[in-house]
Every structure is written in structure tokens, then in C-alpha cells.
Amino acid sequence: MRASRLLSILLMLQSRGRMTARELAGELEVSVRTIYRDVDSLHTAGIPLYGEAGHEGGYRLLDGFRTRLTGLTGQEAEALFLAGMPGPAAELGLGALAAAAERKIEAALPPDLRAGARRIREHFHLDAPGWYHDGDQVPHLPEVAGAVWNRRVITVLYRRWAEPSEVERTLEPYGLVLKAGKWYLVARCDGAMRTYRVNQILRLQVTGESFVRPDTFDLGDHWRAHLTDFRARLIQGHAVIRLSPAGRERLTEVASSAVAGAVDRTAGPPDDQGWITATVPIESLTHAHGQFLQLGAEVAVLEPAELRRRMTGTAHALAALYPRP
């Protein structure tokens, strides 16, 4: 903790120029006396730090002094290498640049921090796509990324689910999001913010027209709000189900956290065989039908009647395919 605090003092003086002991104490949430001791330690270590008395006084670094690589700590250096994403960087057309930057950072690290960063690379690997999906094929991603960076309007031929399935759109690309191995473009179209799957762009042309991206727009905030709204719109109704102990355990593997959470909130006491009854949200009858079938005989749908009818029909069809020997 003390080493980290000494480094923080050094970085704050480097970035702000001059600070009093009281200001430093307030930033670091320690006493002024502690700051005095820390400054003495920095002096002893040979840091060109001096204090000035008076109303305009305070501590400052000798002009021209800079820390090396902004003084990364061991954990910060390891986190930096863990956060690297060579796959997405390559998809954006930045793979060589990202690798070169990582090499330069590694070379600038002191030997002890360099070893820790290497261990991170050797022991951890980030693979964002799901088990049964290798990520998007996104031939137009570098062009989209360039338009985002340079704030250029693009025209695209986009494939969507609704009819007509292929539509022309003129977009102001605000940002790119990588979600579960899939790339999404957040863009303004006809005055409204919309989200597009980049791999559904069939044709793209970058125009010579630029656009103004509002300074108040925050891509992270927008994406979180988009996800919240998306999840809320997914829920089309509710189902009442009975779950065996095994079914309840497996539910987290086949259903969303919203469904598992609803089971925990609404389940009554188990019966003699350990089965529980709960009310869960469903996206649609078709989606719920496929989801509950994955639990086999460990779930029984009670309501709605149409979903129960579909489950019954599938059960009878399976029984016909697999008669008892």
C-alpha cells in the first residue's frame, strides 16, 4: 500500500505541477503527517522533489522530470496484458499495431514487472465467442471502424429479419461494440439511434460527408441502456412450471439469469419428491417451447395452455419415435 501511495504522489505531482501536503492527503485519504513522511522517502530515493513555503507553496517536481511508463504497478501491468484482445484487434485491421504496442510496453517495463506480464500471457487466454460460435465473419468491419473513427457518413445495403429483407440505409456511425463474439454498430439513422449487426452489412460505401458526434454521447452508457430496453422487450409473457431438483440445477445452463432468478423468487416449498412450482418470464411460446424441451422430463409446463399443448404434442411425437421395447 505504501509503495502504491508513493507512486500516486509522484504521478499526481507529475500531472498537476504543484500540490500542497493537505491536497495530497485529501486525495490519498491519509494524514498530512503521512504525506510528510512519504515526501522524505521520495527524497531519500533520489526523486527531484522539493517544497516551497508560503501561500502559493507546495510540493513539485524538478522541471523535466518524468516517471517511466507513468509508473505502472505490477498488478496494473498484468491487468493490461490480460485485457489485450488480439483477435478483435486483428478484425479491426489493427492486429500488427496492437502487437507492436504490446511489445513496446513490455520492453519499457522493469524486469520484475515484465516477468509478471509474461506470466499473464502464458496462463490466461481470452476467447470471447460462445462454445458453438466462432464469432462473426465481418468483411466490412475495417471500413466501418474507419468511418467511426473519422466520423464519415456511410451508405449500406443491410440484411434484416423483416420484409423487405434487404434495405438501403444512410448511417452516421457513432461506435462499435463487441458482444459475445459479435460486432454491433451503433449509428444514427433518420434522426434515431439504432443498432446494426456488422456481419449483416452486404455492401458499404463511405461517403465524403462528415457528421458531428455529440460530446455528450457516451457509448458505454448507450449500450447499457440499449441492453436494458432489449431485455425488457424480450419478455412477452409468463409460464407456470414445475421443476425437479435436477431440472432446477440444470436450468442455469439452458435459460437466462432472469428465468433462474424468477424461479428463486417465486418458487414455493418443494413437494415430497423435491419438485417446486414457479412462475418464469418467457420471450415467446416458440422460444419457451424449445427452452423447456432441453430439460426433458425434469420440467412440466402448467400454464399457459397453448405452451402446455405444444409440449404435450412434442412428448407424444417423441414417444412414437421411441416406443418402449
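Trainee: What helices and strands are there in the chain?

Mentor: This predicted model has 13 helices and eleven strands in the chain.

Trainee: Which element has the lowest mean pLDDT, and which the highest?

Mentor: Helix α4 (residues 74-82) has the lowest mean, 57, and strand β4 (residues 152-159) the highest, 96. The average over the chain is 82, and 75% of the residues score at least 70. Where pLDDT is low, the predicted coordinates should not be read in detail.

Trainee: Why does Ser244 count as buried?

Mentor: Its relative accessibility is 3%. Buried means under 20%, so Ser244 counts as buried. Ser244 lies in the loop between β9 (237-243) and α10 (245-254). Of the 325 residues of the chain, 32% count as buried.

Trainee: What makes the pair of Ser244 and Glu298 a polar contact?

Mentor: Their side chains are joined at 2.4 Å, and the cut-off for a pair of N or O atoms is within 3.5 Å. The side chain of Ser244 also reaches the backbone nitrogen of Gly247, at 2.9 Å. Beyond its neighbours within four places in sequence, Ser244 is in contact with Trp275 and Glu298.

Trainee: Why is Leu318 called partly exposed?

Mentor: Partly exposed lies between the limits of 20% and 50%. Leu318 has 42% relative accessibility, so Leu318 counts as partly exposed. This residue is found in helix α13 (residues 305-321).

Trainee: Which residues form a nonpolar patch on the surface with Leu318?

Mentor: Leu321 and Tyr322 form the patch with Leu318, and together the three have about 380 Å² of accessible area. Members of a patch need over 30% relative accessible area, and Leu318 has 42%.

How values were computed:
Residues are numbered from 1 along each chain as its sequence is written. This is a predicted model: local features need pLDDT of at least 70, side-chain atom pairs count only at pLDDT 80 or more; totals for chains, interfaces and linings use all residues. Side-chain values use heavy atoms; hydrogens and water are left out. Patches are made of residues with over 30% relative accessible area and no salt bridge: like charges are joined within 9 Å, nonpolar side chains (Val, Leu, Ile, Met, Phe, Trp, Tyr) within 5 Å. Accessible areas come from the Shrake-Rupley method with a 1.4 Å probe; for residues, only the protein chains shown count as cover. A salt bridge is a side-chain nitrogen of Lys or Arg within 4 Å of a carboxyl oxygen of Asp or Glu. Helices (H or I, at least four residues) and strands (E, at least two) are DSSP runs, numbered from the N terminus. Buried means under 20% relative accessible area, exposed over 50%, partly exposed in between (1.4 Å probe, protein chains only). pLDDT is the predictor's confidence in each residue, from 0 to 100. A polar contact is a pair of N or O atoms within 3.5 Å; within protein, one must be able to donate a hydrogen and the other to accept it, and residues adjacent in sequence count only if both atoms are side-chain atoms. Contact means heavy atoms within 4.5 Å.
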